[in-house]
Amino acid sequence: MDVDSYIDLMPIILLGVVFFISAIAMLYWSSKRGQLRNFDDQASTIFTEEEPEGEISDSFPSKY
Amino acid sequence: MKNLPLLFCGIFFALAFSFTGLILSSNIQIGSLNQTTQSLDENGNNIAGETLYPLKTAGLAKQGKQVYIEMGCIYCHTQQVRRQGFGADYERNWGPRQSVARDYIMQDRVLLGTMRRGPDLMHVGGRPLNADWHHLHLYNPQITSKGSNMPPFAFLYETHKIEGEPSPDALKFPPNSEYGPEEGYEIVPTRDAEALVEYLLSLKLDYSLPEAQIVE
Amino acid sequence: MDTAPQSNSQIANPYSSKDAAVRAELSEIDASIRSSALFFTVSAIFWLLAGTVFALITAYKAHEPAFMADGAWSTFGRMRSAHLNAMALGWGNNIIFAIGLWIMARLCRAPIRHGGMLTIAGIFWNVGLTIGIGGIIAGDITSVEWLEIPHYATPLLAISYALIGVWGIVAFKFRKGEHVYVSQWYILAALFWFPWLYVIAQVMIIWFPARGVVQSVTNWWFAHNVLGLWLTPMALATAYYLIPKVLGRPIYSYYLSVLGFWALAIFYNWAGVHHLIGGPIPVWLISAGIVASVMMVIPVIVVGLNHHMSVVGLHKEVWRSPTLRFTVFGAISYTLVSLIGSSMAVRSVNEITHFTDFTVGHAHHGVYAFFSMIMFGGVYYMMPRLLKREWPSATLIKLHFWGSAVGISVMLFALHVTGWIQGLEMNNPDISMLEVVQNSMPWLKARTVSGVLLSFAHVAFAVNFFWMLFAAGAVRAKQGPTLLDSSSKEGAA
């Protein structure tokens with residue numbers, strides 16, 4: 001691949017840099033806002049009073 | 001990460017990145033390709049007076065391409081020749097050189113294909129197969145290629161009673177072929193079949209491009 | 001216990017409340033989406049059966065080319081495309097609309113508003129799809145892989161999809177409570193990604209064709225992402241919901257699930273170009289595709305590990321749950337199919353597997369053994385809660401499971417082996433193309449046999465489903481809001 005085609009690719013390389021920086025910025029912002037705290041708690045949000053944690057909630061029907 | 005806008009930004013950027021990287025940048029790179037002469041002069045310009053390649057498919061062959069699309073030929077036949085040393089495309093005589101991006105710029109619909117249940121067709125028009133062979137092969141592949149799993153396209157042909165002179169277009173079956181018509185009948189191609197064969201014969205990779213020369 | 005209903009938004013943690021009104025919330029949510037979810041599931045099952053018929057015809061024609069060869073409508077290319085679109089957009093999308101939105105609504109803890117609109121959009125989707133597949137068979141097929149539906153049907157599909165997608169995103173917007181679960185991320189992302197992919201592909205290939213092989217790049221960016229950014233996230237969302245939910249144990253590591261999500265989001269959408277390795281496109285594009293495909297090992301291992309650790313020690317429970325039998329089969333297949341996929345992107349492997357039935361086998365590995373199996377699991381979990389009835393027959397569930405599991409295993413074995421042989425033989429110019437085809441015949445026949453097994457499985461599934469739907473007098477309604485009152489637990493053995 002020659003040099004010319006790399007120059008063709010400058011826009012995409014620049015965009016890559018921009019995306020990368022914005023990804024870092026978003027991560028920083030979200031950690032500042034406490035979005036990353038108490039992470040593992042979210043794993044139990046699927047359980048409810050009706051279908052609580054610690055109970056198997058599916059089995060084969062009894063008939064046939 | 002419970003925040004919708006934040007989540008959404010991440011989701012958006014993930015796809016935007018590949019969209020820009022793959023689609024937009026290849027559009028910039030390939031979209032600017034033009035027809036060219038087989039080789040260039042010392043300044044890198046087209047040589048005046050020479051034919052520009054690739055040629056555009058026109059006329060009956062263009063209608064044939066539509067038939068090719070409607071019959072779903074692409075699901076078993078590719079139109080791309082890989083470089084020498086990567087697969088055996090070259091050794092199988094599927095093309096005298098590798099196909100490159102510029103070979104496809106004049107096509108409204110690019111039919112690269114991803115499956116080779118049968119041979120590649122990029123250069124089928126350059127192989128020693130004439131229209132008669134193609135018609136027999138399309139009518140029933142078992143006539144020309146016993147054991148093939150290509151479906152017969154007999155519905156692109158009509159059986160007529162011979163009245164007076166036999167038609168010059170009638171299929172030329174080998175003698176005593178079990179697939180031939182009854183005595184006194186002949187099988188002639190419809191316009192779709194004619195067009196399809198015209199298209200197949202027009203598929204040739206017999207020209208060089210500056211970036212892809214045919215090496216003898 | 002205070003029985004006066006109060007505004008849910010006032011309760012910090014509604015799901016641990018002793019308030020009866022709050023406890024019934026789940027049933028209320030289920031009720032809000034019942035009619036549309038049922039509509040989508042019924043449609044999905046009809047498309048599954050139709051797709052199965054197309055599949056059988058296609059599989060049989062692959063080794064008996066003279067079969068049904070009298071008309072253009074039933075030629076191989078059209079039957080194959082009808083099969084693909086019926087399965088991907090008929091079965092796949094309908095079941096996603098049913099299960100994905102149902103899980104979304106449950107996790108958002110809010111009833112779906114104006115659920116009737118969803119059903120109307122669903123009707124349009126299925127009408128559009130019927131026109132589209134009819135068009136394929138009638139000869140208006142576009143011959144663009146995964147986008148065969150003719151141009152006159154696609155706007156209808158796009159509009160009805162937009163409505164459905166917006167409903168999912170709106171449900172997320174009006175969710176209750178602080179927490180968001182990883183399944184919601186996957187569903188939200190997929191609902192957003194799919195229309196983007198679809199519209200770009202339609203515009204750049206069909207409406208305003210881009211120049212030359214830009215079309216092919218767009219085509220495979222789209223087609224691979226239908227798997228990667230639509231079917232995969234939806235199936236993973238379902239697995240992430242069902243596995244911990246059924247076992248009653250939270251997912252092993254929430255951190256890992258987040259890592260898996262973002263790794264998938266970043267890498268998967270670059271991977272599609274590996275379908276063009278050796279093709280006439282710039283080398284750097286293909287290299288990017290190969291790198292991304294190999295990087296996919298990260299999210300796959302992460303997700304696989306997470307699912308495995310969540311199940312560890314509870315294998316008996318998995319086996320006793322129809323839902324998890326299917327779902328865990330699918331989750332294991334995800335790890336396998338993705339690792340095989342990553343290795344197929346390596347140039348030296350691709351040189352052999354490209355252009356062969358290996359790819360066909362791989363596609364079925366992904367869409368059936370992974371995606372569809374998880375979705376079957378989802379249906380087995382969702383239906384009793386929507387209808388408040390049990391599945392009428394355990395035997396039919398077992399038939400479905402074994403038919404699917406054995407059928408798909410036979411198919412994958414046959415196609416991968418024959419694909420590999422085809423590849424080696426095609427790369428050897430001394431072996432004629434006709435011989436290559438001949439050598440694949442026994443394997444293609446085995447594929448047809450596997451198709452028959454899968455058909456039995458699908459019929460068993462459909463019979464059980466409609467039996468349950470119409471109750472047939474034999475099925476008693478369950479007590480309580482869902483199956484899960486401890487008093488009504490039964491049939492564990």
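Here is a short tour of chain C and the two chains it touches.

Before you click, know that this is a predicted model: local features need pLDDT of at least 70, side-chain atom pairs count only at pLDDT 80 or more, and totals for chains, interfaces and linings use all residues. Residues are numbered from 1 along each chain as its sequence is written, while chains are lettered from A and ligands numbered from 1 in the order in which they are written.

**Stop 1: chain C on its own.** Select chain C and show it as a cartoon. You'll find 16 helices and 0 strands (DSSP runs numbered from the N terminus: H or I of at least four residues for helices, E of at least two for strands). Turn it around: the C-alpha trace spans about 85 × 45 × 45 Å along its principal axes. The radius of gyration is 23 Å, which agrees with the value near 23 Å for a compact globule of 493 residues (taken over C-alpha atoms; the globule rule is 2.2 Å times the number of residues to the power 0.38). Of those 493 residues, 57% are buried, meaning that 20 or more other C-beta atoms, placed from the backbone, lie within 10 Å of the residue's own.

**Stop 2: the core.** Now select C:Tyr186 and C:Ala190. Within the largest nonpolar core, which has 211 residues, these two touch the most other members (such a core is a set of buried Ala, Val, Leu, Ile, Met, Phe, Trp, Tyr and Cys residues joined through C-beta atoms within 7 Å). Helix H7 of chain C, residues 214–247, supplies the largest share of this core, 22 residues. Which residues does C:Ala190 touch, not counting those up to four places away in sequence? Light up C:Leu229, C:Trp230, C:Pro233 and C:Met234; contact here means C-beta atoms, placed from the backbone, within 7 Å.

**Stop 3: the side facing chain B.** Bring in chain B. The contact takes 67 residues from chain C and 59 from chain B. Start with H6(C), residues 182–207, which gives the most to this side of chain C, with 7 residues. Color by type and this side divides into 37 nonpolar, 21 polar and 9 charged (Ala, Val, Leu, Ile, Met, Phe, Trp, Tyr, Cys and Pro count as nonpolar, Asp, Glu, Lys and Arg as charged, the others, Gly among them, as polar).

**Stop 4: the side facing chain A.** Finally, show chain A, where 25 residues are in contact with 40 residues of chain C. Go back to H7(C), which gives the most to this side of chain C, with 5 residues. The coloring here gives 24 nonpolar, 10 polar and 6 charged.

Notes:
Buried ≥ 20, exposed ≤ 12 C-beta atoms within 10 Å, placed from the backbone. Contact = placed C-beta atoms within 7 Å.
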